[in-house]
Amino acid sequence: MVLPEMDEFLACKTPDAWIEAALQDLPTLLIDHANNEKKAAGAAFHYLFTYSNRLDLVNKMSRIAREELRHFEQVLQIMKRRGIAHENVTSARYAGAMRKLCRNHEPYRLTDSLVVGAFIECRSCERFSAIAPHLDEDLSKFYSGLLKSEARHFQDYLKLAYQYGDEKDVTAKIAEIQALEAQLISSTDSEMRFHSGIPMAA
């Protein structure tokens, strides 16, 4: 289950139309999921090298990077069992659109990007929870098993944002990004992706 504070963090739930579209194209869902886990690990490594003087952040991101890479490997194993080839697919507009709201000077570059990270992890957790009951036993068990770590990643990103930023400023940025995030999830998208809005064909 998604933690109550995560429900409050997100301004909307995943639309049923997205769930229906995802169920009709599980290969694309798994491919994009694998790519997202790889990107999440890369983002954690970026924090490790860019902010190496911030010990709390480095410790958290080191653990997150390991977990995201493990998740990437697990998705690849599931794809292999199902005969799904790993390939690159175009990215959803989701993360890129939110990052446009990040300021480009410190300390706001760091805190804003951490807030975006919190939304990505929170939405991932919510989507795992939303789709898991509709999947076959193997995939449902896997996605349900990811909930705990994704929830912890959300909490880590959010705590770090408040730790390294001004509370009022971080709270204001959360509200700004929250509105955009809900719009991205609720509006139509040209293609189905793990973090897409409602696919046009749905």
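Q: Buried means under 20% relative accessible area, exposed means over 50%, and partly exposed is in between (1.4 Å probe, protein chains only). Which word fits R70?

A: Partly exposed, because R70 has 39% relative accessibility. Keep in mind that this is a predicted model: local features need pLDDT of at least 70, side-chain atom pairs count only at pLDDT 80 or more, and totals for chains, interfaces and linings use all residues. Residues are numbered from 1 along each chain as its sequence is written, and side-chain values use heavy atoms, with hydrogens and water left out.

Q: How do I read a salt bridge, and what does R70 meet in one?

A: Side chains of opposite charge can pair when their charged atoms come close. The cut-off here is a side-chain nitrogen of Lys or Arg within 4 Å of a carboxyl oxygen of Asp or Glu, and that rule gives 17 salt bridges. R70 meets E73, at 3.5 Å from N to O. These two are three residues apart in helix α4, so about one helical turn separates them. E73 is partly exposed too, with a relative accessible area of 39%.

Q: Where do helix labels such as α4 come from?

A: Helices are DSSP runs (H or I, at least four residues), numbered from the N terminus. α4 covers residues 55–81, and it holds another pair: R63 and E67, four residues apart. Their closest N and O atoms are 3.4 Å apart. R63 is partly exposed at 41%, while E67 counts as buried at 17%.

Q: Which residues are linked in a network of salt bridges?

A: R103, D112, D169, K173 and E176. Within it, K173 and E176 meet at 2.8 Å, N to O, and both lie in helix α8, about one turn apart. K173 is buried at 7%, whereas E176 is partly exposed at 37%.

Q: And the nonpolar core: which members touch the most others?

A: In soluble globular proteins, nonpolar side chains tend to be buried together. A core here is a set of buried Ala, Val, Leu, Ile, Met, Phe, Trp, Tyr and Cys residues joined through side-chain atoms within 4.5 Å. The largest has 65 residues, and L29, L57, M61, M98, L114, F119 and Y143 touch the most other members. Helix α7 (137–164) is among the contributing elements and gives the most, twelve residues.

Q: What does Y143 touch?

A: Leaving out residues up to four places away in sequence, its contacts (heavy atoms within 4.5 Å) include L29, H33, F128 and F194.

Q: Is helix α6 mostly covered or uncovered?

A: Mostly covered: 19 of its 24 residues are buried. α6 spans residues 108–131.

Key: Expected span 1.5 Å × (residues − 1).
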